[in-house]
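Visitor: Please choose one part of this structure and take me through it slowly, as you would for a colleague who likes to know the cut-offs. I would enjoy one connected story.

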Amino acid sequence: MRKGLKIFLLLLLIAIIAGSIIIPVLIKNSNKIVKQKLESYLGKDFSVKELKLKWNEVEAIDVNYKNPEGQTVFSADSMKMKADLMSILKKEYNVSDLTLVNPYIKLETDEKGNLKLPFHSRKSKEEKNDSPPLLIQKIHIINGSIDYLDEKVDGEPVLTQLRNIELESENLLFPLQDNFSSYHFSAKITGKLNAGVIKSEGNINLKTLDMDSKVSAQNLDITPFKPYYQKKNSVNIKKGNIDIKMDLKINSGNLYSHGNIVLKNLELEKGKGISGFFLSLPADTVISFLKDNKGRISFDFILEGNLSRSEEHTSE
């Protein structure tokens, strides 16, 4: 009996020693295998400097993806994924936590308003994918950045830069499914004179774009967005900031939003014979009003319409 116990303990010790030697070797080699698979799938424009694997965690270091023109459209200092081990037993693909540190993405719309997809998969179109969707239970974005170039506007394209993005979201499914995900978002929007802050929280369906959210913006510089609001018969706005608080709901493409807007630090073009309109009012009337109200205009609004038909109705 004692002899059998000694043999069992000896075999157990050998297995532990062998495991401590073999498993790190497997993990080291699996880094190369996973990296090669990723690069094979996404193509030569995708690169990862290093992959770190732990028991239930994968971390990609210095991730970079370039478009066919050689421009970097996505990068991240770190992408860390933690697997939901219980989901593996159920033959499901669940990530309990995804964290991106210092990610950057470049988005563009063409002259027709169509989004240019930044990623181009090399996966065959004929290949069928019967695997279950990937569920990301929690996602964290730390100090993210977005450059959004809109070529649909008249004149020069408008570049909007979001910096210091902080995002927390739950229950994201890929490919996109008809489900709602909760989120908390904040970022800085750069301007010519100052950077403003935008915050939002609520629930969004990324497939249908239905949402029920609260949005606020503070001290946004409005001058970079002139192509969106300044028409031929509008007075030129030299400087100004905007604060916004609103509730935003979209249901089956129907938009309904209500809130408050404060325009402040406004400076309109002045001079003899000035003409044009601002907020449907003669420019000279608005300038006189601003002098009496310390450069501020505040009003409530209701915005509603159907997004697919590009119909909007605004009430002040």
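Guide: What follows is a close look at the hairpin of S12 and S13, with a few words on its surroundings. This is a predicted model, in which local features need pLDDT of at least 70 and side-chain atom pairs count only at pLDDT 80 or more, while totals for chains, interfaces and linings use all residues. Residues are numbered from 1 along each chain as its sequence is written, and side-chain values use heavy atoms, with hydrogens and water left out.

Let us start with the setting. The chain has four helices and 17 strands; both are DSSP runs numbered from the N terminus, with H or I over at least four residues for a helix and E over at least two for a strand. Of its 316 residues, 32% count as buried, where buried means under 20% relative accessible area, exposed means over 50%, and partly exposed lies in between (1.4 Å probe, protein chains only). Contacts, meaning heavy atoms within 4.5 Å, also tell us something about the fold: of those between residues at least 6 apart in sequence, 49% join residues at least 24 apart.

Now to the hairpin itself. Strand S12 covers residues 237-251, strand S13 covers residues 254-268, and the two run antiparallel, joined by 13 bridges. Strands are said to pair if DSSP finds at least two bridges between them. At the turn, Asn-251 stands opposite Asn-254 in S13. Two residues lie between the strands, and Ser-252 takes a positive phi near 55 degrees there.

S13 has another partner as well. Strand S16 (residues 297-306) pairs with S13 in the antiparallel sense, over ten bridges. One place to see this is Tyr-256, whose bridge partner in S16 is Glu-304.

Beside Tyr-256 in the numbering comes Ser-257, also in strand S13. Ser-257 is buried, at a relative accessible area of 1%. Leaving out residues up to four places away in sequence, Ser-257 touches Met-246, Asp-247 and Leu-248, along with Phe-301, Ile-302 and Leu-303. The side chain of Ser-257 also reaches the backbone oxygen of Asp-247 at 3.0 Å. That is a polar contact: a pair of N or O atoms within 3.5 Å, where within protein one must be able to donate a hydrogen and the other to accept it, and residues adjacent in sequence count only if both atoms are side-chain atoms.

Asp-247 leads us on to charge pairing. Side chains of opposite charge can pair when their charged atoms come close. The structure holds four salt bridges, each a side-chain nitrogen of Lys or Arg within 4 Å of a carboxyl oxygen of Asp or Glu. In one of them, the side chains of Lys-214 and Asp-247 meet at 3.0 Å, N to O. Lys-214 lies in strand S11 (residues 211-221) and Asp-247 in strand S12, so this pair ties together parts that are 33 residues apart in sequence. Asp-247 is partly exposed, with a relative accessible area of 24%.

Follow Lys-214 a little further. Apart from its neighbours within four places in sequence, Lys-214 is in contact with Lys-199, Ser-200 and Glu-201, and also with Met-246 and Asp-247. Met-246 and Asp-247 are among the residues that Ser-257 touches too. As for Asn-203, its C-alpha is 9.4 Å from that of Lys-214, with eleven residues of separation in sequence.

Back in the hairpin, the side chains of Asp-243 and Lys-264 form a salt bridge at 2.9 Å, N to O. Since Asp-243 lies in strand S12 and Lys-264 in strand S13, the pair ties together parts that are 21 residues apart in sequence. Lys-264 counts as buried, at 15% relative accessibility.

One last stop involves Lys-239, which is touched by Leu-193, as is Asp-221, not counting residues up to four places away in sequence. Leu-193 lies in the loop between S9 and strand S10 (196-204), and is exposed, with a relative accessible area of 59%. The C-alpha atoms of Leu-193 and Thr-223 are separated by 8.8 Å, although the two are 30 residues apart along the chain.
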